[in-house]
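Hi there,

Here is the structure I promised to pass on to you. Have a look at it first, and then read on for what turned up in it.

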Amino acid sequence: MTLSIQAATQENTSFSKQFAGLQLAVDSTSLGEFKTCPRKYFYSIVLGLQPKETSVHLTFGLLMHGSVERYHHSRAQGLGHEDAVLGAVHWMLKETWNKVLARPSLQGDTYKNRLTLLRTLVWYFDQYGAEDSLETIVLANGKPAVELSFSFDSGYRSQLTGELVLFCGYFDRLASLNGEIYIPDLKTTKSELSPYFWAQFNPNNQFGMYTLAGNVVYQQKVAGLIVDGAQVLVNSSRFARHLIVMGPERIAEWHRDAIWNVRLMEGCAEQAYWPMNDKSCSMYGGCPFQSICSRSPNSREPWLEAEFKKRTWDPLQRRGDI
Amino acid sequence: MSEEKERVSAYLDTVSRLEPDIAISLKRIADALEERNKNTPDLWAFADKLAASIESGMFYGSQKK
């Protein structure tokens, strides 16, 4: 595994080929990592490293998300609720089945395992499936607004190369409720769905990007986001829905702040130095790179090679199309 | 938890231990039975029994090879 900036970003289409380490297509994940800690951004996005052991919380969230995405895709193609649920559940069961050992994977965690995933998914569809008042909208091109990739001019050109910086990303769908358009999202948690839980989404980096994108790319006046919270317990799952509204002034402010951070990202690339933010190390359950940063700078590289694997994060590799 | 929810939970517990295609086939069988006899009170019990049979190897087929 090579840890040079140039080699790490060579195949990554979101990075400049004129200036090593300069990201030109920025999604909310990249921006979020940079805001959390420039050094974390350097390791995870620029070098493209991730822990060899994947977090069960991340896996669970991705599987839940992927299943719901398949459900909405099937519904948009005209399938009925029951068939769409079955398709989503089948996909999830396949994703969590170890063919070699002929037994389920995603076992071992008391809260987040194959059973709690299946139960949360089925109950979620019971609550927000057939009778959901949130309806997927149809875009101007006649296609249902599901699996939407976006990229648009951020309004900023690199001072180093003159290249345009894009904002890009992906969201599952656009939906309407009472005549207003929203971007729905789903978050799973072990925590109670309390005001404290909802507070983390307003303000929120990812949702700021989504709301801006909804307004710019799809030319739809997006009122905000609808977040479905799924609380996963050992013997039960609970759900709640929360509305997050971002007015035009807040969207403009988010955009201004995002550009500010893009300039800082550019400054780091220019210096080939991404400083540590040691106030973030223990946030969000602990940074995976904490064990690296706590070592002497001269001894980090062998540890990175031993404990992390390569995973190129390229937000321009679109997952869907419109 | 309601009785119905408990039954569904127990059923899901069984399904979560099954191979994907078998689990989905089981659901389709249960749905077909429900459609044919909407008043079958022991539907879930039947489904559980069937799932247990599959698990015990009665219908395991390739999974047991």
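How close do the axes of helix H4 and helix H6 of chain A come, and at what angle do they cross? Before the answer, please keep in mind that this is a predicted model. The axis of H4(A), residues 56-76, comes within 11 Å of the axis of H6(A), residues 114-128, and the two cross at roughly 35°. The crossing is right-handed.

On the H4(A) side, the contact is made by Phe60(A), Leu63(A), Met64(A), Ser67(A), Val68(A) and Tyr71(A). H6(A) brings Thr116(A), Leu117(A), Thr120(A), Leu121(A), Tyr124(A) and Phe125(A) to it. Sorted by character, the residues of this contact are nine nonpolar and three polar, with no charged residue.

H4(A) also leads us to the strands, since H4(A) lies across E6 and E7 of chain A. The helix runs at about 110° to E6(A).

Now to the sheet itself. Three strands of chain A form an open sheet in the order E1-E7-E6, and the pairing is mixed. Strand E1 (25-26) and strand E6 (146-157) are at the edges with a single partner strand each, so one side of each has no neighbour in the sheet.

The two pairings look like this:

- E1(A) and strand E7 (residues 164-173) of chain A run parallel and are joined by two bridges. Val26(A) has Phe167(A) of E7(A) as its bridge partner.
- E6(A) and E7(A) run antiparallel, with nine bridges between them. Here Arg157(A) stands opposite Leu164(A) of E7(A).

E6(A) and E7(A) make a hairpin with six residues between the strands, and Gly162(A) in this hairpin has a positive phi near 80°.

Next, a few backbone details that you may want to click on. Most residues other than glycine have a negative phi, and most peptide bonds are trans. Against that background, three places stand out for a look:

- Asn178(A) is not a glycine, yet its phi is positive, near 50°. Asn178(A) sits in the loop between strand E8 (175-177) and strand E9 (180-189) of chain A, and is exposed, with a relative accessible area of 74%.
- Ala272(A), again not a glycine, has a positive phi of about 55°. Its place is the loop between helix H9 (248-271) and helix H10 (290-293) of chain A. With 45% relative accessibility, Ala272(A) counts as partly exposed.
- Asn202(A) and Pro203(A) are joined by a cis peptide bond, with omega about 0°. Pro203(A) lies in the loop between helix H7 (195-199) and helix H8 (205-217) of chain A.

Finally, how many disulfides are there over all chains? The count is zero, taking a disulfide as two cysteine sulfur atoms within 2.5 Å. For Cys168(A), the nearest cysteine sulfur belongs to Cys268(A) and is 19 Å away. Cys168(A) is buried, at 1% relative accessibility. Cys268(A) is in no disulfide either: the nearest cysteine sulfur, that of Cys37(A), is 9.9 Å away. Cys268(A) is buried too, with a relative accessible area of 9%.

If you would like a place to start, try the contact of H4(A) with H6(A), and then follow H4(A) over to E6 and E7 of chain A.

Enjoy exploring it, and best wishes!

Note on methods. Residues are numbered from 1 along each chain as its sequence is written. Chains are lettered from A and ligands numbered from 1 in the order in which they are written. This is a predicted model: local features need pLDDT of at least 70, side-chain atom pairs count only at pLDDT 80 or more; totals for chains, interfaces and linings use all residues. Side-chain values use heavy atoms; hydrogens and water are left out. Axes are lines fitted to C-alpha atoms, for helices over the stretch in contact, and angles run from 0 to 180 degrees between N-to-C directions. Helices (H or I, at least four residues) and strands (E, at least two) are DSSP runs, numbered from the N terminus. A crossing is left-handed if the near helix is turned anticlockwise from the far one by less than a right angle, and right-handed if clockwise. Contact means heavy atoms within 4.5 Å. Ala, Val, Leu, Ile, Met, Phe, Trp, Tyr, Cys and Pro count as nonpolar, Asp, Glu, Lys and Arg as charged, and the others, Gly among them, as polar. Buried means under 20% relative accessible area, exposed over 50%, partly exposed in between (1.4 Å probe, protein chains only). Two strands pair if DSSP finds at least two bridges between them.
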